[in-house]
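The exercises below are meant to be worked with the sequence and the coordinates open side by side. Each one sets a task and then gives a solution in steps.

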Amino acid sequence: MTERIILHLDMDAFFAAVEERESPHFKGKPVVVGADPLEGKGRGVVSTANYEARKYGIHSALPISTAYRLCPQAVFLPVNGELYNEVSGRIMEILHKHASVVEQVSLDEAYLDISFVGTYRKAEKFGQDIREEIFERERLPASCGVGPNKMIAKIACGRAKPNGILIVEPKDVEKFLEPLDIQEIPGVGPKTAALLYQALQKQELTVADVKKMRKEELIDLLGAYGGDLYDKVRGVDESPVVVDEEVKSIGKEHTFSIDTRDGEEIFLVFRGLVKDVWQEAKEQGISFKGITVRCRFQGFETHTKTKTRKEGIKTEAVFQKEASALLLRFLVENPKPVRLVGIRIGSLSA
Ligand code: TTP
Ligand code: MG
């Protein structure tokens, strides 16, 4: 693969930053967005906290009752998903204006393949210009990481936060990674880390420690992922920046007026969406193999599942069956109330 230059952009404390922008008198105060704390008795979790609130140990996914205990004087706000969605759309538009290969990963995060700029010096200027444009237009801080692949760009962006930019040139990649905790490598969660600690008889491991392991050892310990990890600790990651197929595909979604766990209601609405998408695809003469189902739970946690069949989908019944099976998996895996369901078709067949 020829040498690439990849940029990762991620907004700082996104939901909280939007709220601070909307209410300037929050400036300097700890702000927590998420479930209602109900004076410490509330259920649900923190969606995000601004950097001021993070000083108290508050972070995403923490029970809201714990957040209240840590900092009862913080400003606690509900999640205003529609607003963040709108802002996100405008930020993504800015990115699309400057690059054609943009992969949006979440509301506030995207990868850009900016190999076209040619040099890392120009890449730094590109990143700074984008951060400035976002700030000028939206008054929101963004951080950027730049490197030869997605993994390095993402880790660099995390280390540039808040409101910074970090460039890691190919010659510096290994030096950059070596001192980092092994859990900074994407895909190494607590379970993988525990297996590695056990194998190396240590309580903590850096990338440099894991780099000493042979490829076979890693594969024996972690299966196929061991092979990937062998590459990753060496700074190698060939995954491409995947352009969203949205323009070519058809999709529909529905936001429930009240978050619900009523399976009958969820499936009734969902079957309607699937039917609409099927009709639209027929009208446009589009045949397709891929189905993506999106589910947003209370707290704005959004997930997608995709299934691509070998053959095109020929009947509405098959489409309904495949789509429902994906949705059912969400409901089985996550007990939270559902806020939104969506269906999208992709992978168009010839
Ligand atoms: P992140 O980019 O992970 O976090 P952040 O933007 O709040 O903070 P930073 O990037 O500076 O570390 O997530 C983006 C938004 O997604 C976040 O503002 C709120 C939402 N979110 C949740 O609702 N639940 C979660 O568990 C996480 C991680 C994020
Ligand atoms: Mg962010």
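**Exercise 1. Surroundings of Lys307**

In this predicted model, determine which residues Lys307 is in contact with once its neighbours within four places in sequence are left aside, and establish whether Lys307 is buried, partly exposed or exposed.

*Solution.* Begin with the contacts: with those neighbours left aside, Lys307 is in contact with Lys289, Gly290, Ile291, Glu322 and Leu326. Among these partners, Glu322 also makes a polar contact, side chain to side chain, with Lys307 at 3.0 Å. Next, place the residue: Lys307 is in strand 11, which covers residues 302-308. For the exposure, the relative accessible area of Lys307 is 34%, and because partly exposed lies between the limits of 20% and 50%, Lys307 is classed as partly exposed. Finally, compare sequence with space: Thr292 is 15 residues from Lys307 along the chain, while their C-alpha atoms are 6.5 Å apart.

**Exercise 2. The pairing of strand 10 and strand 11**

Find how many bridges join strand 10 to strand 11, and in which direction the two strands run; then examine the backbone of the residues between them.

*Solution.* Strand 10, residues 288-297, is joined to strand 11 by 7 bridges, and the two run antiparallel. As one point of register, Val293 stands opposite Lys305 of strand 11. The hairpin has 4 residues between the strands, and Gly299 there takes a positive phi near 90°. Phe300 lies in the loop between strand 10 and strand 11 and has a positive phi as well, near 70°, although Phe300 is not glycine. Most residues other than glycine have a negative phi. To complete the description, Phe300 has a relative accessible area of 8% and is therefore buried.

**Exercise 3. The loop between helix 6 and strand 8**

Identify which peptide bond is cis at Pro162, and then describe the phi value of Asn163.

*Solution.* The cis bond runs from Lys161 to Pro162, with omega near -10°. Pro162 is in the loop between helix 6 (150-160) and strand 8 (165-167), and Asn163 is placed in that loop too. Phi of Asn163 is near 55°, which is a positive value in a residue other than glycine. With a relative accessible area of 47%, Asn163 is partly exposed.

**Exercise 4. The shell around ligand 1**

Work out how many residues surround ligand 1, which elements supply at least two residues of the shell, and where Asp10 belongs.

*Solution.* The shell has 14 residues, of which Asp10, Ala13, Thr48, Tyr51 and Arg54 are the closest. By class, the shell divides into 5 nonpolar, 4 polar and 5 charged residues. Strand 1 (6-11), helix 1 (14-22), strand 3 (46-49) and helix 2 (51-54) each supply at least two of its residues.

Then consider individual distances to oxygen atoms of ligand 1: a polar side-chain atom of Thr48 lies 2.5 Å from one, a backbone N or O atom of Ala13 lies 2.8 Å from one, and a backbone N or O atom of Phe15 lies 3.0 Å from one. Taken alone, ligand 1 exposes 560 Å², and 72% of that is buried by the protein.

Lastly, turn to Asp10, which is in strand 1 and counts as buried at 11% relative accessibility. Not counting residues up to four places away in sequence, Asp10 touches Asp108, Glu109, Ala142, Ser143, Cys157 and Lys161; with Lys161, the side chain of Asp10 makes a polar contact of 3.2 Å.

Methods:
Residues are numbered from 1 along each chain as its sequence is written. Chains are lettered from A and ligands numbered from 1 in the order in which they are written. This is a predicted model: local features need pLDDT of at least 70, side-chain atom pairs count only at pLDDT 80 or more; totals for chains, interfaces and linings use all residues. Side-chain values use heavy atoms; hydrogens and water are left out. A residue is near a molecule or strand if one of its heavy atoms lies within 4 Å of it. A polar contact is a pair of N or O atoms within 3.5 Å; within protein, one must be able to donate a hydrogen and the other to accept it, and residues adjacent in sequence count only if both atoms are side-chain atoms. Accessible areas come from the Shrake-Rupley method with a 1.4 Å probe; for residues, only the protein chains shown count as cover. Ala, Val, Leu, Ile, Met, Phe, Trp, Tyr, Cys and Pro count as nonpolar, Asp, Glu, Lys and Arg as charged, and the others, Gly among them, as polar. Buried means under 20% relative accessible area, exposed over 50%, partly exposed in between (1.4 Å probe, protein chains only). Contact means heavy atoms within 4.5 Å. Two strands pair if DSSP finds at least two bridges between them.
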